[in-house]
Structure formats: structure tokens, C-alpha cells
Amino acid sequence: MKIQKLILICVTISVFSCSKNDAPIVESTPEYPMKTVMEDGAMTLKSTKINGVNTHEIGYRFKTFKNGKVTALGIRVPENDIYRVTLWNADTQEILKTAYITSTSGLLSFEDIEPVNIQSGTTYFVAVNTNDYYVFNDDGNTIFPVESNNILLLGYGAQFGTNQVLPPNIVKTVYLGMVDIKFVPDN
């Protein structure tokens, strides 16, 4: 009888000691802005460049509608190699993260990074340094700005050379690349 009472007391304590705060934390669904824009058909592949004469820092400028974090950087290039990818705060020109990503020719390849906090309203830029790239929408039609879930892609930018330099200007009618981020918005 004592054992049954003891079991009943233990069960009662464990049932009443559970709290609603023990519920699991659910993270937002990750967003891949350039991948989404491509899949939605906003851009058309026009040509492929392999081992071009010039190397460029190429990518896109963006803002987010929500705070969150970038947890991975990705590329899709037409060659198997290792490429440098950089995430900048474009407002301050500060380098926030650099990663070296191994490309699997023609496939989107991501590398997890230590999360970088992203603030809504701040302008960022992500770029890959390469002479291997795809050319999208080179017909002169405006393709930027374009929305992708919680991200506004503002335009494409390029800077000649192998130096880690933030491209100063953006273009709204063409996109070379492809470089991407994994963005997890705050709930």
C-alpha cells in the first residue's frame, strides 16, 4: 500500500510540475532568396562562362523585412573548385563573414557558418569571387528589385579582381552568379 501511495504521489507531482514553458521552441522556416527567385522564374539563364579572363567579386545587395540570422552561404557555379564567399554590411562596408565553399559543378552548394545577426532595414551584400559564372537576363529588362519572402533583393553588383572588395554600384537589369544565403527570420 505504501508503494502504491508513493507511486501516486510521484505521478501527481510530475503531472502538475509540467509547465507550458517546456514547449519546444520552433524556428522559422529558412529562406534562400536567390534560389527562390530562380525557381519562381524571375530570371532566365542566358549563358555560362567558365575560366573567364577576368575574376570578379559578384553578387547582390539585399535588405530584410524581419530581423533574423544568416546561417549558411551558398554558391552555384559551373565548375568544381573552392570559391570565396563574403557577406558584408553594405551600409558600413564591414565584412561580416567569409567562407570558402567547395562547388559541385552546376549544383547549389551551401556551407554552414556561425550565425550572423541581420537587422531589418540594414543593407547587406553577398558575393562570390570567381571567373566561372552564369549570366541571367542580359536583355536589358529590369529584374531588380524583387521580393523573395522576407527579403528584398535590390540589385546585382560586380568588382573586378581577386581582392575582397565590396562592389560599389548595383545594376538592375542583369545578374551574374549565383551566390545565396540561408536566412532564418525571427518569429
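**Group meeting talk: strand S4 and its surroundings**

Hi everyone, let's start right at one residue: Thr86 sits in strand S4. Before going on, please keep in mind that this is a predicted model.

So, is Thr86 buried or exposed? Its relative accessibility is 0%, and Thr86 therefore counts as buried, the cut-off being under 20%. Which residues does Thr86 touch, once those up to four places away in sequence are set aside? The list runs Glu57, Ile95, Lys97, Thr98, Phe125, Val126, Ala127 and Gln164. With one of these, Gln164, there is a polar contact, side chain to side chain, at 2.8 Å. And looking across to S7, the residue opposite Thr86 is Ala127.

That brings us to the strand partners. Strand S4 covers residues 82-89 and strand S7 covers residues 124-130; the two run antiparallel and are joined by six bridges. With S5, strand S4 also pairs in the antiparallel sense, here over eight bridges. In that pairing, Leu87 is the residue that faces Lys97 of S5. S4 and S5 make a hairpin with four residues between the strands, and if you like backbone angles, have a look at Gln93 there: its phi is positive, near 65 degrees.

Now let's zoom out to the sheet. In what order do the six strands of the open sheet come? Reading across, we have S5, S4, S7, S2, S10 and then S9, with antiparallel pairing. At the edges we find strand S5, residues 94-102, and strand S9, residues 146-148, each of which pairs on one side only. On average, neighbouring strands in this sheet are turned by 30 degrees against each other, if we ignore direction.

Next, the charged pairs. Side chains of opposite charge can pair when their charged atoms come close. How many salt bridges does the structure hold? There are two.

One of them takes us back to S4: the side chains of Arg84 and Glu57 form a salt bridge, with an N to O distance of 2.6 Å. Since Arg84 belongs to strand S4 and Glu57 to strand S2, residues 56-64, this pair ties together parts that lie 27 residues apart in sequence. Are these two partners buried or exposed? Arg84 has a relative accessibility of 13% and counts as buried, and Glu57, at 0%, counts as buried too. You may remember Glu57 from the contact list of Thr86.

The other salt bridge links Glu39 and Lys35, whose closest N and O atoms are 2.9 Å apart. Where do these two residues lie? Both are in helix H2, residues 33-39, and they are four residues apart, which is about one turn of the helix. Glu39 counts as exposed because its relative accessibility is 56%, while Lys35, with a relative accessible area of 31%, is partly exposed.

Let's move on to the nonpolar part. Which members of the largest nonpolar core touch the most other members? Out of 39 residues, those are Met34, Leu73 and Tyr175. Strand S8, residues 133-136, gives this core its largest share, four residues. Looking at Met34 and leaving aside neighbours within four places in sequence, we find contacts with Met43, Tyr60, Phe144, Leu153, Tyr175, Met178, Val179 and Asp180. So Tyr175 turns up again here, as a contact of Met34. Apart from the largest core lies another one, of five residues, including Trp88, Ala90, Phe125 and Leu166. And Phe125, you may recall, is among the contacts of Thr86.

To finish, two residues with partners far along the chain. Lys69 is found in strand S3, residues 68-75, and counts as partly exposed at 23% relative accessibility. Between the C-alpha atoms of Lys69 and Pro185 there are 6.4 Å, although the two are 116 residues apart along the chain. Beyond four places in sequence, Lys69 touches Glu27, Pro115, Val116, Asn117, Ile118, Lys182, Phe183 and Val184.

My last stop is Asp139, in the loop between S8 and S9. With a relative accessible area of 42%, Asp139 is partly exposed. Its C-alpha atom is 9.9 Å from that of Thr44, with 95 residues separating the two along the chain.

Thanks for listening, and I'm happy to go back to any of these residues on the screen.

Methods. Residues are numbered from 1 along each chain as its sequence is written. This is a predicted model: local features need pLDDT of at least 70, side-chain atom pairs count only at pLDDT 80 or more; totals for chains, interfaces and linings use all residues. Side-chain values use heavy atoms; hydrogens and water are left out. A nonpolar core is a set of buried Ala, Val, Leu, Ile, Met, Phe, Trp, Tyr and Cys residues joined through side-chain atoms within 4.5 Å. Buried means under 20% relative accessible area, exposed over 50%, partly exposed in between (1.4 Å probe, protein chains only). Contact means heavy atoms within 4.5 Å. Two strands pair if DSSP finds at least two bridges between them. Axes are lines fitted to C-alpha atoms, for helices over the stretch in contact, and angles run from 0 to 180 degrees between N-to-C directions. A salt bridge is a side-chain nitrogen of Lys or Arg within 4 Å of a carboxyl oxygen of Asp or Glu. A polar contact is a pair of N or O atoms within 3.5 Å; within protein, one must be able to donate a hydrogen and the other to accept it, and residues adjacent in sequence count only if both atoms are side-chain atoms.
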